[in-house]
Amino acid sequence: MHIMEGFLPLHWAVFWWAIALPCLLYGIYRLKKVLDADREALPLLGVTGGFIFILSSLKLPSVTGSCSHPTGTGLSTICFGPWITSVVCAIVLLFQALFLAHGGLSVLGANIVSMGIVGPLAGYAVYRALRDTRVNMFLTVFLACAIADMFTYITTSLELALAYPAEVGGIGSSFVLFMGIFAITQVPLAIVEGVVLALVFKYIVQLKPDILLRMNVFPEEKINAVRSDS
Amino acid sequence: MAYKYSLEILALIAVLVFCGLFLYTSSIMGNAEFAGSDTVGSEKISELSGIPEDKITPVIPQWVPPSGEIESALFALQAAIGGIMVGLVFGYWIGQKKGTNNT
């Protein structure tokens with residue numbers, strides 16, 4: 001999902017930065033508030049953020065004959081919401097821009113918008129919609145994680161399509177073109193990511209259910225149901 | 001509960017299917033390079049914009065890892081940072097749980 005440095009025209013780079021910056025500032029404000037309210041939230045942030053570090057460093061092969069990264073943003077989105085997640089993503093993306101030449105400083109805004117804002121927002125929407133229904137808790141986590149991953153790449157495709165409309169068919173046809181590269185490659189990765197993060201969530205519930213209850217991540221009945229049979 | 005490990009089994013199946021899918025694709029697509037989709041995307045950009053890829057220069061000067069080895073080392077470092085955080089916290093929680101059970 002990294003747009004490479006120099007591959008976005010300057011006005012688009014500035015445009016995406018203008019969207020990313022206020023979201024980041026709000027995320028930092030929220031992060032401070034959450035940590036001030038409950039210091040036990042910090043370890044949870046460590047685990048969910050740690051998985052963003054791990055998963056976004058893995059380049060996995062896919063059915064299209066190319067490789068791509070999972071994003072790992074789903075868990076953090078469920079526990080802390082999309083805004084705090086975008087702060088963690090910004091740290092990871094800055095690391096990759098500075099040391100790995102994956103993405104760059106001018107396109108960092110665009111990359112934060114796709115991986116740190118739109119992806120988590122989409123995952124968060126799924127989570128909010130299913131949280132209080134009868135849908136299984138782990139299925140909810142799986143769906144939220146997979147959708148967050150997919151929407152990251154759909155957003156990258158859209159960002160590139162807006163900047164590089166095709167001569168024939170304009171933005172629409174270059175969107176389809178970029179979706180063919182990014183989104184199709186991502187489908188199997190998103191599924192595996194969703195299953196793995198659902199499993200990680202199970203271990204968090206078993207080890208530290210009280211923090212999830214205090215932060216009201218899932219309704220008490222759902223968490224207790226998993227707790228009692230563990 | 002009868003399905004205590006169903007999630008573990010599902011995860012294992014997903015990973016195995018994923019690996020099988022990879023072996024299958026790489027065997028039927030003899031010329032697949034498994035390059036990063038970022039790279040493939042960048043090629044498409046230079047096709048669409050008509051600017052050759054080596055003519056596209058960074059807006060903000062950027063350090064590029066001199067070789068694939070160094071790049072993979074730095075990627076491993078990133079994963080290690082994440083792994084340490086995850087391991088530390090799970091260990092902390094397990095210790096906490098043990099501590100409260102004993103008292």
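**Two chains and the helices that join them in a predicted model**

Student: At what angle do helix α7 of chain A and helix α1 of chain B pack?

Tutor: Helix α7 covers residues 170-207 of chain A and helix α1 covers residues 6-28 of chain B, helices being DSSP runs (H or I) of at least four residues, numbered from the N terminus. The axes, lines fitted to C-alpha atoms over the stretch in contact, lie 9 Å apart. Taken between N-to-C directions on a scale from 0 to 180 degrees, the angle is about 155°.

Student: What should I know about the model and its numbering?

Tutor: This is a predicted model, in which local features need pLDDT of at least 70 and side-chain atom pairs count only at pLDDT 80 or more, while totals for chains, interfaces and linings use all residues. Residues are numbered from 1 along each chain as its sequence is written, and chains are lettered from A.

Student: Are α7(A) and α1(B) roughly parallel or roughly antiparallel?

Tutor: Angles under 35 degrees count as roughly parallel and those over 145 as roughly antiparallel. The two helices pack at about 155°, and α7(A) and α1(B) are therefore roughly antiparallel.

Student: What percentage of the residues of chain A count as buried?

Tutor: A residue is buried if 20 or more other C-beta atoms, placed from the backbone, lie within 10 Å of its own. Of the 230 residues of chain A, the buried ones make up 59%.

Student: How far apart are the centres of domain 1 and domain 2 of chain B?

Tutor: The domain assignment, automatic or from a database, gives domain 1 as 1-62 and domain 2 as 65-103. Taken over C-alpha atoms, their centres are separated by 25 Å.

Definitions and conventions
Buried ≥ 20, exposed ≤ 12 C-beta atoms within 10 Å, placed from the backbone. Parallel < 35°, antiparallel > 145°, perpendicular 65-115°, else oblique.
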